[in-house]
Amino acid sequence: MDMLKKNLKTILENIPLHYRSTERALDVLVTGIQYDSREVNSGHIFVALEGGNVDGHLYIESAVNKGAAAIVGTQEVRKWNRLPVPYLQFANAREALAYLSASYYDYPSRSMVLIGVTGTDGKTTTSNFIYQILRTAGLKAGMISTVNAQIGDEILDTGFHVTTPEAPAVQYYLWKMKEAGLTHVVLEATSHGLAQQRVVGCDFDIAVVTNITHEHLDYHGSYQEYLRAKGLLFESLTKTPVKEFFQKKIAVLNKDDQSFDYLTKITQVEQIHYSIADKTDIWTQNVRIEPEGSHFTACGNDFTVEVYTHLPGEFNISNALAGLSTGIFGLQLEPEVAARGIENMRYVPGRMEQIRLGQNFQAIVDFAHTPKALEKAILTVKKITKGRVIAIFGSAGLRDRLKRRMMAETSAQLADITIITAEDPRTESLDAILAEMQKAAEEQGAVLGKTLFIVPDRGRAIELGVEIAQPGDVVMPCGKGHEQSMCFGEEEYLWDDRTAMKAALSKLLNIPGPEMPYLPTRDQF
């Protein structure tokens, strides 16, 4: 990351939090903010986070030895009086991390129109729709998604797995965008990112939701808590001032989703409602879903506009409506400009992404990793093929356990053939995960060896899918999408479903292609 130099005293003066400190001079130079002691360099503030299996306070001495200029934690000041650098005690270390990061980078979001997008499924697609609408309108736009950060022509990777980056990275990306002269930024906000206050210190102007369905209950505990975490984005709209250059706050809500009633109640700013089913602020008519995309008419009380999206499926029409709502109502763009932006977005990596190497069936890689997303993905491809749907997926270890059964049931009910395989088992037993999913699928009528296959190695599972595919079928690995790794134990292995699909198709067609990425299951099964 580019290095800034800033006085600790100045950083602290610009945060709205109370703190106590040891009797050390606060007039020290800061060159960065870190929450991982392994990444600390000379001049960094080290923030000791507590959570999961790690207590950052245990690594304070290590951070100081590596040159930390100051330490932030939640433990009593008196415990750390001996430190040779300032120790600052805050009530909430994550909140402190967020505000310190924002202050260090001079609150970059205050210099731009910031659009937050949240939801269970469709966040990245909707963020990309909005980003393309902004660019089509000639605006200088950036985007921070769970796939990457786009700053002009520069694309920065935001990590292996999908969640909002931690606060220092979010503020760094926003600062880079401000320095590049960008005026509008789309920021994808996950429930983890919101609950863990990673976007605190970001002044949002527009908040957008796609849907809020069953996901991350392992972390949030219940759907209501998950819903509450998502709602933090909309509540934040009233907690930051209106900007001189964008004098309103707007919430874009999905009238078709179960989250609608809750979000309408907690949102205290102007609301825009979109719907496929009902006449509201913006709705659809003349919907036509085709294998290569969808046509529809977007209607408002004083406009109609023809829209085409390259992404197939009704759920992508809903995502497009969220994007159109943001452009037309939120940013006051002409409907025709917003519609061109939707059409200009040709694909999102790993979202209904077609892989074509000359095979006589369709191969589609999708990120669907929740029961509802899998249901929508299967129903979408059933509409665009007369052949069978071969669904390939797993369910992650150390995550929401209930969705394992739900996903297996969904596929057994809707797909013609279900192939259950590994998906980030982490330190859980892969055999146990697969057995749980197999039982659920069989209870829905799936027959092992006929309509149900259990293949622990994901590469082999994809190879099996293409081997049994007949002309006109759809082979669809789900759950990984654009992700670049798979976690076994505590180790990440390089993995990309798109590369794996190309490897499997190349092998089938006997043409040159990539090697199948290696996973440890290749040796075990």
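Helix H4 (residues 123-136) and helix H10 (residues 314-330) cross at roughly 40 degrees, and their axes come within 9 Å. Helices here are DSSP runs of H or I with at least four residues, strands are runs of E with at least two, and both are numbered from the N terminus. The axes are lines fitted to C-alpha atoms, for helices over the stretch in contact, with angles running from 0 to 180 degrees between N-to-C directions. That angle makes H4 oblique to H10; under 35 degrees would count as roughly parallel, over 145 as roughly antiparallel, 65 to 115 as roughly perpendicular, and the rest is oblique. The crossing of H4 and H10 is right-handed, meaning that the near helix is turned clockwise from the far one by less than a right angle, while anticlockwise would be left-handed. This is a predicted model, where local features need pLDDT of at least 70 and side-chain atom pairs count only at pLDDT 80 or more, while totals for chains, interfaces and linings use all residues. Residues are numbered from 1 along each chain as its sequence is written, and side-chain values use heavy atoms, leaving out hydrogens and water.

Who touches whom? On the H4 side, Thr 125, Thr 126, Phe 129, Ile 130 and Ile 133 meet a set of H10 residues that includes Asn 316, Ala 320, Leu 324 and Gly 327. Contact here means heavy atoms within 4.5 Å. Sorted by class, the contact of H4 with H10 has six nonpolar, seven polar and no charged residues. In this sorting, Ala, Val, Leu, Ile, Met, Phe, Trp, Tyr, Cys and Pro are nonpolar, Asp, Glu, Lys and Arg are charged, and the others, Gly among them, are polar.

H4 also packs with helix H11 (residues 335-344), at an angle of about 125 degrees and with the axes 8 Å apart. That makes H4 oblique to H11, and this crossing is right-handed. Phe 129, Gln 132, Ile 133 and Thr 136 of H4 make the contact with H11 residues, among them Val 337, Arg 340 and Ile 342. By class, it has five nonpolar, four polar and one charged residues.

Now for the sheets. One open sheet has five strands in the order S2-S9-S8-S5-S4, with mixed pairing; two strands pair if DSSP finds at least two bridges between them. Strands S2 (20-21) and S4 (32-34) stand at the edges with a single partner each, so one side of each is left without a neighbour in the sheet. S4 runs parallel to strand S5 (residues 44-47), joined by three bridges, and Gly 32 has His 44 as its bridge partner in S5. Helix H3 (residues 93-104) lies across S4, S5 and strand S8 (70-73), at about 160 degrees to S4.

Another open sheet has six strands in the order S21-S22-S26-S23-S24-S25, again with mixed pairing. S21 runs antiparallel to strand S22 (residues 362-365), with two bridges between them; Glu 353 is partnered by Val 365 in S22. Helix H16 (residues 497-509) lies across S21, S22 and strand S26 (474-477), at about 160 degrees to S22.

Finally, the structure holds 29 salt bridges, each a side-chain nitrogen of Lys or Arg within 4 Å of a carboxyl oxygen of Asp or Glu. One of them joins Lys 243 and Asp 205 (2.7 Å, N to O). Lys 243 lies in the loop between helix H8 (223-235) and strand S16 (250-254), and Asp 205 in the loop between helix H6 (191-195) and strand S15 (206-209), so the pair ties together parts 38 residues apart in sequence.
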